[in-house]
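Hi everyone, thanks for making time for this. I'd like to walk you through one structure today, so let me put it up on the screen.

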Amino acid sequence: MDHKTPSFPTRIALALSALFRVLFDPQFASAVERIRRGGVPISAETVQAGAEKPAPPPPLLKEAGPDAALQLLGLLQQEGRFIDFIEEDVAGYADAEIGAAARLVHDGCRRVLREHLTIEPVREETEGSRVTLERGFDATSVRVTGNVVGEPPFHGVVTHRGWRAGGVRLPKLAVGHDVTVLASAEVEL
Amino acid sequence: MSAAKYAVGIDLGTTHCALSYVELDADTESEQALQEVLPIPQLTAPGSVDALPLLPSFIYLPHATELAPGDLTLPWAEQTAYALGEFARSRGALTPIRTVSSAKSWLSHSGVDRRADILPQDAPEEVARLSPLQASVRYLEHLRDAWNHRFPDAPLNRQDVTITIPASFDPAARELTAEAAEQAGYHQANLLEEPQAALYSWIQGSMGEWRKQVSPGDIVLVVDVGGGTTDLSLIAVIDREGKMEPHRIAVGDHILLGGDNMDLALAHVISAKLMQQGTQLDPWQLRAVTHGCRVAKETLLIDTGQDTVPLVVPSRGSRLIGGSIRTELTRDEVRRTLIEGFFPQVEASARPIARPRTGLMQLGLPYAQDAAITRHLAAFLGRQTMAASELPGFRESREGASFIHPTAVLFNGGIFKSPLLSERILDNLNHWLAKEQAPPARLLSGADLDLAVARGAAYYGRVKRGGGVRIRGGTAQSFYVGIETSMPAVPGLEPPVMALCVAPFGMEEGSAANPLPQEFGLVVGEPVRFRFFESSVRRTDEVGMMLESWSGEELRELGEIEVSLSAERRNLGEVVPVRLQAAVTETGTLRLEASPVEGDERWKVELDVR
């Protein structure tokens, strides 16, 4: 090392300027990242050279974290006995018996959906009505089926209005809370 | 206090709490301020926190091994020794011995020491119990923390806070509520009666339309049925220099009877029906039935097209289909149980049926013995026949009227979402009015039934600063100390007691009554107790007036009061002549003080002693 360690005030100035460069200068940020991983500081030239190499392709598929799914499942069980209902073998029961239980499940699960999600139809038109899809329609929210030929505008009939989650409001969880327990076992003392 | 940014209203309910707020901006003239309800973060399950508009007034005191570490984490606290809110309510239903509930009813129960650790009432030895006061402190602390978490730059102790109480709270319960607020770190919170809060909310929600719905000369009856209590008030509208001014002229007795009783009554109907079919419900199932009845009741009361609602009692185990019990609640059962049980058609002369209590009853809460709200209403109106007679602009109370004639009715409380129940009360009232050739009472529409009290309380914070309409009234009772007359002791006969008026009817906040002309000789160092009475009908008694006898209905005995002269500047055993003086604080609590005839010392008279 041929230069001295910078003084404390200099370091404050350096930290501030570095903060902004990290935020707005990607190459500088990757150099800092390298230093943080324990690598040696490298000159601007090497950074330039490194940047020209083809970057690894960004991942095309992502994995959904299990926490929110398990949490929602826990809520559906807690309020609507969802897992009890699905896990039970319905083969031996009469429809009336299944129907009675379904009321409970329907009532509770509906409460969960109403409380924690805002669910609204994608299309406001009633099912069966004719609609026109203009050029550039959102293919995620509308799925066209059947005689899909030619160029939009497309004319067709709404067979299903679709559903969209307008908002998700799941309860906050304590750090370290085990979401894999969907429903605690109960032991009456 | 001038730095307050918000007026905050807190509905500290028997079964639920809510917090509403409104910004105190320059535009205080408007009656139409934007009001918000604070979502209150609370535990909804172990380790799970959700923000809900209502905070159930339940505290759960878990066993040390019952929950995993971190299960009680709140957004503002790592660990707490207890759960409060929704989780406390749901877990508490399964383990009642560790659950504090209805703390507010206990706070107003003068038969117990409200500072003693008595809740949960049937908790085993190892549970560290709470006092009714302490439980109220914890609800208020939770609301404070929720507020401060949401508004870190505008802490609650710097806002203008109003806490609502039942109009029927006695002075000791009012003071305990103010003390709980003080202990929870609230700075000089105001107290406001719930029916008044409901009317404020209605005025505010009407966007100025209220001036068209009521006019001078109106007497508004407020019927507020909460989860656990029924609260009645009368508010007269008078004309003061061209402006309408509402005056609260009377409040009813404390009636421990509310919406929860109705759900429970229906659950017992279902339970009895299943019993006949040979199925016995356990307490867990009964709770599930109660919940089911609450929902089914609303369906049957609101939707007139349905005659039965299926009710399924879920199994407790994981076999849901095989273990559930199917039954149904019929319109007829709801009609018989609720309408005939709680709102029967009665005459204006009807009075609640009182059965003699056994001594053991005092251990629990003094629940209303007659479930008929219409009979309680008839008794209230009958007792208050003269309530408006001194107000300007009211015709000299109608000749021969056997009860005061309300001209309008405002309902509050979730049960009145069903028009059937409010219509039933209105029908009763109009039947009574018609018999005395009085015009029928109008229904004041447009009230927010669930959150009106919290909203009205927030609005009151603005009103106190001069924006909007203020309800006048002052104390709705006059107060008396009991003086034993000297007479030779007769075995088995109590010495007769005379009642000495110490605080007149209608004292406004921040005002003091004249000191009692009578002097008492108090012994320094020896606490002295007085019997204490209130009257909601003797409106003209002045300070110093001595009642030698009264009818049972006129005066109601409250808990005893106590004054103790400290020996700081005096000698133990010395007899000091003192005078008693009453005042109503800015907060809205009654304060009794003893001061020596000579000298400027003051001793507080304790209203809550056991």
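Let's start right at a strand pairing: A:L173 has B:S48 as its bridge partner in β5(B). One thing to keep in mind throughout is that this is a predicted model. The neighbouring pair follows along, with A:K172 bridged to B:V49 in β5(B). Taken together, two bridges join β5(A) to β5(B), residues 48–52 of chain B, and the strands run antiparallel.

So is β5(B) largely enclosed or not? Four of its five residues are buried, so the rest of the structure largely encloses β5(B). Part of its company comes from its own chain: β4(B), residues 40–45, pairs with β5(B) in the antiparallel sense over five bridges. If you want one pair to look at there, B:P41 has B:A51 as its bridge partner in β5(B). Those two strands form a hairpin with two residues between them, and B:G47 takes a positive phi near 70° in that hairpin.

Now let me step back to the whole interface. How many residues does each chain bring to the contact? Chain A gives 23 residues and chain B gives 25 residues. Between them the two chains bury about 2000 Å², with 54% of that on carbon and sulfur atoms. On the chain A side, A:R81, A:E88 and A:L104 supply 25% of the area that chain A buries against chain B, more than any other three residues.

What about the polar side of things? Between chain A and chain B there are twelve residue pairs in polar contact, counting pairs with both residues at pLDDT 80 or more. Which elements of chain A each supply at least two residues to the side that touches chain B? They are α5 (82–87), α6 (95–116) and β5 (172–173) of chain A. Of the elements, α6(A) gives the most to that side, with nine residues. By residue class, the side of chain A that touches chain B divides into eleven nonpolar, three polar and nine charged residues.

With charged residues in the mix, salt bridges are the natural next topic. Side chains of opposite charge can pair when their charged atoms come close. Across the interface of chain A and chain B the rule finds two salt bridges. A:E186 and B:R316 meet in a salt bridge through their side chains, at 3.4 Å from N to O.

Let me widen the view again. Over all chains, the salt bridge count comes to 43. Here is one within chain A: the side chains of A:R111 and A:E79 meet at 3.1 Å, N to O. That pair links distant parts of the chain, with A:R111 in helix α6 and A:E79 in helix α4 (residues 66–80), 32 residues apart. Are these two buried or partly exposed? A:R111 is partly exposed, with a relative accessible area of 25%, and A:E79 is partly exposed too, at 31%.

A second pair in chain A is A:R123 with A:E125, whose side chains form a salt bridge at 2.9 Å, N to O. A:R123 counts as partly exposed at 21% relative accessibility, and A:E125 is partly exposed at 26%.

Over in chain B, the side chains of B:R538 and B:E554 meet in a salt bridge at 2.8 Å, N to O. This pair also links distant parts of its chain, 16 residues apart: B:R538 is in the loop between β23 (528–535) and β24 (546–547), and B:E554 is in the loop between β24 and β25 (556–563). Here B:R538 is buried, with a relative accessible area of 18%, whereas B:E554 is partly exposed at 22%. Also in chain B, salt bridges that share partners join B:D332, B:R335, B:R336, B:E340 and B:R424 into one network.

Last stop, the layout of chain A. The chain has six helices and five strands, and from the N terminus on they run α-α-α-α-α-α-β-β-β-β-β. Of its 189 residues, 19% count as buried. Among contacts in chain A with a separation of 6 or more, residues 24 or more positions apart account for 64%.

One strand there is a nice example of two faces. In a regular strand the side chains alternate between the two faces of the sheet. Strand β2(A), residues 130–133, has A:V131 and A:L133 on a covered face, and A:R130 and A:T132 on an uncovered one. β2(A) pairs with β3(A), residues 154–157, in the antiparallel sense over four bridges, and A:T132 stands opposite A:H155 in β3(A). That's my tour, and I'm happy to scroll back to any part of it.

Technical notes
Residues are numbered from 1 along each chain as its sequence is written. Chains are lettered from A and ligands numbered from 1 in the order in which they are written. Side-chain values use heavy atoms; hydrogens and water are left out. Contact means heavy atoms within 4.5 Å. Buried area is the accessible area (1.4 Å probe) that two parts lose on being put together, summed over both. A salt bridge is a side-chain nitrogen of Lys or Arg within 4 Å of a carboxyl oxygen of Asp or Glu. A polar contact is a pair of N or O atoms within 3.5 Å; within protein, one must be able to donate a hydrogen and the other to accept it, and residues adjacent in sequence count only if both atoms are side-chain atoms. Ala, Val, Leu, Ile, Met, Phe, Trp, Tyr, Cys and Pro count as nonpolar, Asp, Glu, Lys and Arg as charged, and the others, Gly among them, as polar. Two strands pair if DSSP finds at least two bridges between them. Buried means under 20% relative accessible area, exposed over 50%, partly exposed in between (1.4 Å probe, protein chains only).
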